[in-house]
Amino acid sequence: MTKELPDKIDKQIDKAGLPRGGAVPFDPKLEINKRGKLVIGKDTVTNGPKKGKKGFVDTRGRIWIKDRAHAGDPDHWDVQEDGGKEYIRVGLQGNLLP
Amino acid sequence: MASTKHTHTIRQGQKGKFGLLANGSSGPWEIAIDEATSGQDRWCAQIEGPSVTLYFEIPSPDIVGKIIQFFEPRQGPTKESSIGSMKRNCSLVIGKDKKTPTTLVKDDEYNDRFFLIVGSMDSPIVRFVIAGRDVARIADALRQVKQDLDDEE
């Protein structure tokens, strides 16, 4: 079930190209900023080749890092689990890449 | 022991919670401004291009409007030179870190070409060229960021 998000966050998810549907939709972890407004959490990958990159955090604590098309694969998201110790690849429509 | 009176810029990658304040995208370019959600006021800019990623602390989100203005056609010279201001209208320091500055430089040959310099101007670590369609796309993404920031106010 899709939760209701503030309009601004909806637009930010769209602008970032994060998937809303598919098998693995992006479900943002929301933080409260200093003005009391909800914002999408961001965090830094701490392991693996993407170490140091900043991405969008989901409710499961995974960090979504955009990866460009390469080696025959289209643009997709490398969804970093456990700080980057493992990751899954999710297409722009929210489905796992083979 | 003597203590320094200088305020040290907190470098990227240090701990602290951040959230997305504003973002924009155009073509292969994506720009985000992150804000610290706790502790002292800090903002970082993330610029993602087809083959480059930059992430650096900025003095404040106000720099976004200045960069948009910087990408526009030349209006006339200014004399300020501090962070976030324009020096003879040909360079704009956009990063907060004074030890490793991040600076935009306007080309004096082509109107649609800029250089993004990381490090000192005399001996840069990175000299990245932004030209033609990329300038328009980055400016477009920045305008979306600015809109987000304006909506926040």
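Two residues are taken to be in contact if their C-beta atoms, placed from the backbone, lie within 7 Å. In this predicted model, the contact between the chains draws 19 residues from chain A and 20 residues from chain B. On the side of chain A that touches chain B, α1 (7-16), β1 (30-32) and β2 (38-44) of chain A each supply at least two residues. The most comes from β2(A), which gives 5 residues. By character, the residues on this side of chain A are 4 nonpolar, 6 polar and 9 charged.

Strand pairing also runs across the two chains. Here β2(A) and β1(B) pair in the antiparallel sense over 2 bridges, and G41(A) stands opposite G19(B) in β1(B).

Turning to chain B, strand β1 (residues 18-26) pairs with β2(B) in the antiparallel sense over 8 bridges. Within this pairing, A22(B) has I33(B) in β2(B) as its bridge partner. The two strands form a hairpin with 2 residues between them, and G27(B) in the turn has a positive phi of about 55°.

On to the next hairpin: β2(B) and strand β3 (residues 43-48) of chain B pair in the antiparallel sense over 6 bridges, with A32(B) opposite Q46(B) in β3(B). This hairpin has 6 residues between its strands, and its turn includes G39(B), whose phi is positive at about 70°.

Strand β2(B) thus takes part in the pairing with β1(B) and in the pairing with β3(B). Of the 8 residues of β2 (residues 29-36) of chain B, 7 are buried, so this strand is largely enclosed by the rest of the structure.

How values were computed. Residues are numbered from 1 along each chain as its sequence is written. Chains are lettered from A and ligands numbered from 1 in the order in which they are written. This is a predicted model: local features need pLDDT of at least 70, side-chain atom pairs count only at pLDDT 80 or more; totals for chains, interfaces and linings use all residues. A residue is buried if 20 or more other C-beta atoms lie within 10 Å of its own, exposed if 12 or fewer, and partly exposed in between; C-beta atoms are placed from the backbone. Helices (H or I, at least four residues) and strands (E, at least two) are DSSP runs, numbered from the N terminus. Two strands pair if DSSP finds at least two bridges between them. Ala, Val, Leu, Ile, Met, Phe, Trp, Tyr, Cys and Pro count as nonpolar, Asp, Glu, Lys and Arg as charged, and the others, Gly among them, as polar.
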